[in-house]
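Biologist: I should like to learn how to read the strands and loops of a model. Please take me through the structure shown here.

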Amino acid sequence: MIKKFIDKLFGKTGSPAAGAVRSKKSVFGERREVGPQDHAIDPKLVDDRAMDVVRTLKRAGYEAYIVGGAVRDLLVGLRPKDFDVATDATPEQVKSLFRRAFIIGRRFRIVHVIYGRGREHEMIEVSTFRAYLDSADAEQVAGNERTSKGELAGMKHAVDASGRVLRDNVWGPIEHDAARRDFSINAMYYDPESQTVVDFHHGIRDAKKKTLRMIGDAATRYREDPVRIIRAVRFAAKLSGLGFTFDAKTLEPLASSRKLLLDVPQSRLFDEMLKLLQTGHALASVAQLKAVGLDTGIYPLLDVVVQRADDDFVKLALQDTDRRVGEGKPVAPSFLLACVLWADVRKGWSQRLNARPGQRPPPPFAALQDAVDEAFDARIGDVSGRGKLGADMREIWMMQPRFDKRVGTSPFSLVDQARFRAGFDFLRLRAQVGEVEEELAHWWETFSMASDDMREDMVDAQRRDNLAKPGASKARRVKRGDDDHPASADASTSALAPDPRFRAADDGGEDRDEEDAGESDDGAESTAPTDGSAPAKKRRRRRRKPGGAATGGEPTGA
């Protein structure tokens, strides 16, 4: 089998398929080396760490180039977000040259070279030149990555029944590697030392014409890796602002190939969805999905995003994500997805709080928790919804009722939460669409940046404002001798029954015992002056029993 494979690869005369292999020479294109006077790439835009990887590999005797989307972005004058390197060194050889390098992947074995530590780390992805092999050259398995895991373990190049590549770890020369890449503008190789671009498939020409063209037959390339369908949309969205459009032959089979995505693992589709939404072109990606007829059928949660993209709240969230990416700030998928699914959570929460006649509504937090569970079951399923992503989304949602409480110790504990900023940003978007008062978001923004003394003043001021609002304060016990008792307000109502209502505490948020006027601690009936004036304050009484009854059995104010 190995001999047959080698014969087919190199086209030996004894091989039955030699003629077929020789006929494939045209797919490799023609090598063209373009100098800096023609491609006009600014070398200052090249990352120093990518330069170091290329230099290290070349000094060890290997070929090495910056490749893929980084070269494309450099050609059109953009600063690449990520830099990938391609080389003829095997993954093991690459790993041996760097102190912090890790081989990852089974489907495509690549090396991650790590620079820096913590959040400041930078990763350069290094791949080995792949051989150009089509489905006829590969070993075929009946199932997918999971069902045929044991069978795939010993294979380097394998496809499933549809022609989707399940393994691609056969090394080859640079021209083979270029032929197996997807778009012509992603199949160029840049040597930052000589500042030369190696182009096999007219990528520079297509970049100048602003054309997205698939190398080879587009329908076949989509079958080999259906995720190319999503990648095509992402590239078009990213480059649409520069005027790039699809080549007709590339666009024609795009929408009809959507059914191929059914065989792609859900976890991989989930990751591709996040790339669509978190690379700084979320709104453009949604527009492209609609334009090419892929607004449904890629991934259920992505369908919801596209469907709700015109809603004010979701649109603001997409715009906010694009803005943060453009400013170089981190973005979290949990925040954006929490915004997209908030309509489901809010609806379920409202339904639970509106209890049926004669029934007591559940506590607000319990109702919100149930609504969150329902939204997860309906929209997220078992793909990351129960992991860290789901936990972060829950925390953002469960913070929202807590923002309404701005007195006591609650504001101080809330602002110290690890996810406070995400929860506040969520509140800010709610305020922008009129779901909550703008003043609430402004108060929390000021509070989060204030000193401890200023925070204390803000809480005290809020407590006084709450007490000044009719009916908005915390309930307190009202006695006949108090100025706000109905009997004191109107002498004609002096015959009213005792009113053992709760009265507002002066701390605005914490329960505590108070000194009550007009009562003794032995439970004896208090004596109030007949003119309605407040009785003299007596010594502190013991805490009342529930229901307003005094320890001696007499109702308050009798």
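**Reading a sheet and its loops**

Biologist: Which residue of S11 is the bridge partner of Arg32?

Modeller: The partner of Arg32 in S11 is Asp199. Strands here are DSSP runs of E with at least two residues, helices are runs of H or I with at least four, and both are numbered from the N terminus. Two strands count as paired if DSSP finds at least two bridges between them. S1 and S11 run antiparallel and are joined by three bridges.

Biologist: On what basis should I read such values?

Modeller: This is a predicted model, in which local features need pLDDT of at least 70 and side-chain atom pairs count only at pLDDT 80 or more, while totals for chains, interfaces and linings use all residues. Residues are numbered from 1 along each chain as its sequence is written, and side-chain values use heavy atoms, with hydrogens and water left out.

Biologist: In what order do the strands form the sheet?

Modeller: The order is S1-S11-S10-S2-S3-S6-S5-S4, an open sheet of eight strands with mixed pairing. Its edges are strand S1 (32-34) and strand S4 (101-104), each of which pairs on one side only. Within the sheet, strand S10 (residues 188-191) pairs with S11 in the antiparallel sense over four bridges, and Tyr189 has Val198 of S11 as its bridge partner.

Biologist: Which way do the side chains of S11 point?

Modeller: In a regular strand, side chains alternate between the two faces of the sheet. In S11, Thr196 and Val198 point one way, Val197 and Asp199 the other, and all are buried. Buried means under 20% relative accessible area, exposed over 50%, and partly exposed in between, with a 1.4 Å probe and protein chains only.

Biologist: How should I read a positive phi?

Modeller: Most residues other than glycine have a negative phi. His202, which is not a glycine, has a positive phi of about 60°. The residue lies in the loop between strand S11 (196-199) and helix H9 (203-209). Gln195, in the hairpin of S10 and S11, likewise takes a positive phi, near 55°; that hairpin has four residues between the strands.

Biologist: Is His202 buried or partly exposed, and what does His201 touch?

Modeller: His202 is partly exposed, with a relative accessible area of 39%. His201 lies in the loop between S11 and H9, but is buried, because its relative accessible area is 8%. Leaving aside neighbours within four places in sequence, His201 is in contact (heavy atoms within 4.5 Å) with residues including Phe28, Ser184, Asp206 and Arg213.
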